[in-house]
Amino acid sequence: MDIVLSGIRPTGKLHLGNYFGAMKNFIKMQEENTCFFFIADYHSLTTHPTPEDLHGSVKHVLAEYLACGLDPEKSTIYIQSDVPEIPELYLLLNMNAYMGELERCTSFKDMIRKQPDNVNAGLLTYPTLMAADILIHRSHKVPVGKDQEQHLEMTRTFANRFNRIYNVNYFPEPVAYNFGEELVKIPGLDGTGKMGKSEDNGVFLADDVDTIRKKVMRAVTDSGPTEPNQPKPDAIQNLFTLMKAVSTPDTYSFFDEKYNTCQIRYGDLKKQLAEDIIKITSPIRENIEGILEDNEYLRKVAKMGAEKARESATMTIRDVRRIIGFRQF
Ligand code: TYM
């Protein structure tokens with residue numbers, strides 16, 4: 001049986017990228033594997049949230065996990081900062097992580113650009129913390145979006161390096177996973193890059209119906225194709241990629257055909273896209289609202305998750321300490 005693990009940073013509400021990149025695969029996998037799904041609250045400290053924002057986001061994301069269908073009886077659902085074995089493994093892995101490789105990491109370079117006044121050591125060592133998250137349960141498969149591919153590659157490097165230095169075969173090589181298919185990158189609505197947390201570009205699982213319709217109708221388009229089978233410009237391709245994720249294959253083909261024959265009406269496409277998004281998010285949104293009010297349930301889930309996660313993490317740390325040479329007199 002595979003050990004499957006994934007996590008999301010609590011830096012706001014979950015969007016469709018989080019859902020299709022990580023959550024949806026994970027929900028399918030929890031039926032047949034040993035699954036860990038956590039809230040990466042230590043990771044979110046790299047951007048310096050206020051205590052209120054930190055707590056609020058952790059609570060919201062936990063409710064969203066449950067609302068999407070993560071089952072605390074089938075999966076271990078926990079908050080990263082409840083498991084002190086993770087920062088211990090992070091410290092140990094950092095001893096064999098090198099400045100050069102950390103500085104070359106694309107996400108580090110992106111963050112230097114995004115927050116030049118806050119280039120902290122946590123950003124530099126983000127990949128070792130992520131490796132610790134994954135290796136603490138000796139995971140095999142990590143359902144994530146395309147943007148996390150390089151972090152998984154670094155995790156394999158750290159795992160292999162540990163095995164080599166200590167001449168053991170202890171850590172497996174975890175792979176970024178999407179049911180044997182390509183990893184996905186869900187685009188934003190602003191015609192540029194991937195969907196993220198910004199209001200203009202993301203559709204959140206917690207958005208109400210009107211908000212979703214407004215956001216989708218505002219999505220960037222152009223004046224339409226002028227010749228049959230013209231390649232789609234980025235902004236248009238993005239809408240089609242979103243449609244591929246949320247709509248039926250027939251709906252997708254219908255609009256693709258309209259585009260290729262220059263009969264496309266973007267207004268119709270957007271209306272359909274909005275309704276198909278709403279079909280997926282509405283039941284989740286209703287669940288979120290109910291679960292958020294049930295503090296007692298959230299507390300119970302977090303406590304049970306922390307206990308189960310620590311049970312597995314403690315075994316790994318015990319082994320790792322012994323392998324490294326920490327021994328009792
Ligand atoms: P984060 O919080 O940025 O995103 C959480 C998950 O959502 C996926 N994702 C996307 N997938 C497709 N299209 C998008 N537009 C999109 N946006 C986000 C991400 O790929 C990710 O799977 N470093 C991680 C959190 C993390 C983690 C881990 C993940 C910490 N430790 C260990 C897996 C294993 C992150 O920042 O994801």
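## A ligand and its surroundings

A nitrogen atom of the ligand is 2.7 Å from an N or O atom in the side chain of Tyr 126. Keep in mind as you explore that this is a predicted model. The ligand sits in the largest pocket, and 27 residues surround it there.

**Contacts with the ligand**

- Tyr 126 is among the closest residues to the ligand, together with Arg 9, Asp 133, Asp 147 and Ile 186.
- His 43 places a polar side-chain atom 3.5 Å from a nitrogen atom of the ligand.
- Met 195 takes part through its backbone instead: one of its backbone N or O atoms lies 3.1 Å from a ligand nitrogen atom.
- How much of the ligand's accessible area does the protein cover? On its own the ligand has 700 Å² of accessible area, and the protein covers 97% of that.

**Who makes up the shell**

- Sorted by class, the shell around the ligand holds 13 nonpolar, 9 polar and 5 charged residues.
- Three elements, β1 (3-8), α1 (16-29) and α8 (126-135), each give the shell at least two residues.

**Aromatic pairs**

- Now look beyond the ligand: the whole structure contains 12 aromatic pairs.
- One of them joins Phe 26 and Phe 37 edge-to-face, with 4.2 Å from centre to centre and 80° between the planes.
- Because Phe 26 belongs to helix α1 and Phe 37 to strand β2 (residues 34-39), this pair ties together parts that are 11 residues apart in sequence.
- Helix α1 may sound familiar, as α1 also supplies at least two residues of the shell around the ligand.

Key
Residues numbered from 1 in each chain as written. Predicted model: local features only at pLDDT ≥ 70, side-chain atom pairs only at ≥ 80, totals over all residues. Heavy atoms only, no water. Near = heavy atom within 4 Å. Polar contact = N/O pair within 3.5 Å; in protein donor to acceptor, adjacent residues only side chain to side chain. Areas by Shrake-Rupley, 256 points an atom, 1.4 Å probe, with all protein chains shown as cover. 1 Å grid on protein atoms, 1.4 Å probe; cavity = no way out; pocket = protein on both sides within 12 Å on 5 of 7 lines; lining within 4 Å. Sits in = over half its atoms within 2 Å of the grid points. Helix = DSSP H or I, 4+ residues; strand = E, 2+ residues; numbered from the N terminus. Nonpolar A, V, L, I, M, F, W, Y, C, P; charged D, E, K, R; others polar. Phe/Tyr/Trp six-rings, centres within 6.5 Å; stacked < 30°, edge-to-face > 60°.
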